[in-house]
Amino acid sequence: MVITDRYDHVIDDKNRLAIPSQVRNALDPEVDGTAFYLVPEGRYLQLIPEKLFQRLATLANAGLQVPPELARARRLMFAAASRLEPDKAGRVNIPERFMADGKKPDPFGEAMLGREVTLVGAGDRLELWNRADLQAHLRELFADRHAVQRAGQQIFGQAPPGT
């Protein structure tokens, strides 16, 4: 499954966010699972399909004794992640700690969500942005579009001209 496009949504008063039907309908329960893991990533949150998250999590398994830096990174990532199971209407409940107006916001969270958000298709996952933050970020990307194009060529295995 490849997730693309942008979807403007509003998180309701019960912290529910509708996953777009285009994304839900493209999920294969056998391959992708039915839930998502919410993982903080700087200015935004990632919604990673559950089976992809589980495959990636097994890569972090480094045995009984792990180097301290790896243990620290795993602790931070897995402590911050949350499993979100969609309800029958395709909505997920965003944990209170990720909401800017929540009663107990995460004191270490960078991406605190307001009510107006945009879901962004990012290939194998969704990104969840405050709408205004995404618009500012897209302006930044457009201003530096040549660097973004070079990075895109690397993503898709094409050598940039002159290299």
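How many aromatic pairs does a search of the whole structure find? In this predicted model, the search of the whole structure finds three aromatic pairs. One of these is formed by Tyr37 and Phe53, whose ring centres lie 4.0 Å apart and whose planes meet at 15°, so the pair is stacked, given that planes under 30 degrees apart count as stacked. This pair links distant parts of the chain, since Tyr37 belongs to strand S3 (residues 36-41) while Phe53 belongs to helix H2 (residues 50-59), with the two positions 16 residues apart in the numbering. Tyr37 has a relative accessibility of 15% and therefore counts as buried, and Phe53, with a relative accessibility of 8%, counts as buried as well; the cut-off for this class is under 20% relative accessible area.

Phe53 also takes part in an aromatic pair with Phe78, and here the arrangement is edge-to-face, with 6.1 Å from centre to centre and 85° between the planes. Distant parts of the chain are again linked, as Phe53 lies in helix H2 and Phe78 in helix H3 (residues 68-80), 25 residues apart. Phe78 has a relative accessible area of 34% and is therefore partly exposed. Through these ring pairs, Tyr37, Phe53 and Phe78 are linked into a cluster.

A contact of another kind, between a charge and a ring, involves Arg145 and Phe142: the charged end of Arg145 sits over the ring of Phe142, at 4.4 Å from the centre of that ring.

Key:
Residues numbered from 1 in each chain as written. Predicted model: local features only at pLDDT ≥ 70, side-chain atom pairs only at ≥ 80, totals over all residues. Heavy atoms only, no water. Phe/Tyr/Trp six-rings, centres within 6.5 Å; stacked < 30°, edge-to-face > 60°. Helix = DSSP H or I, 4+ residues; strand = E, 2+ residues; numbered from the N terminus. Buried < 20%, exposed > 50% of the residue type's maximum accessible area, 1.4 Å probe, protein only. Lys NZ or Arg CZ within 6 Å of the ring centre and 35° of its normal.
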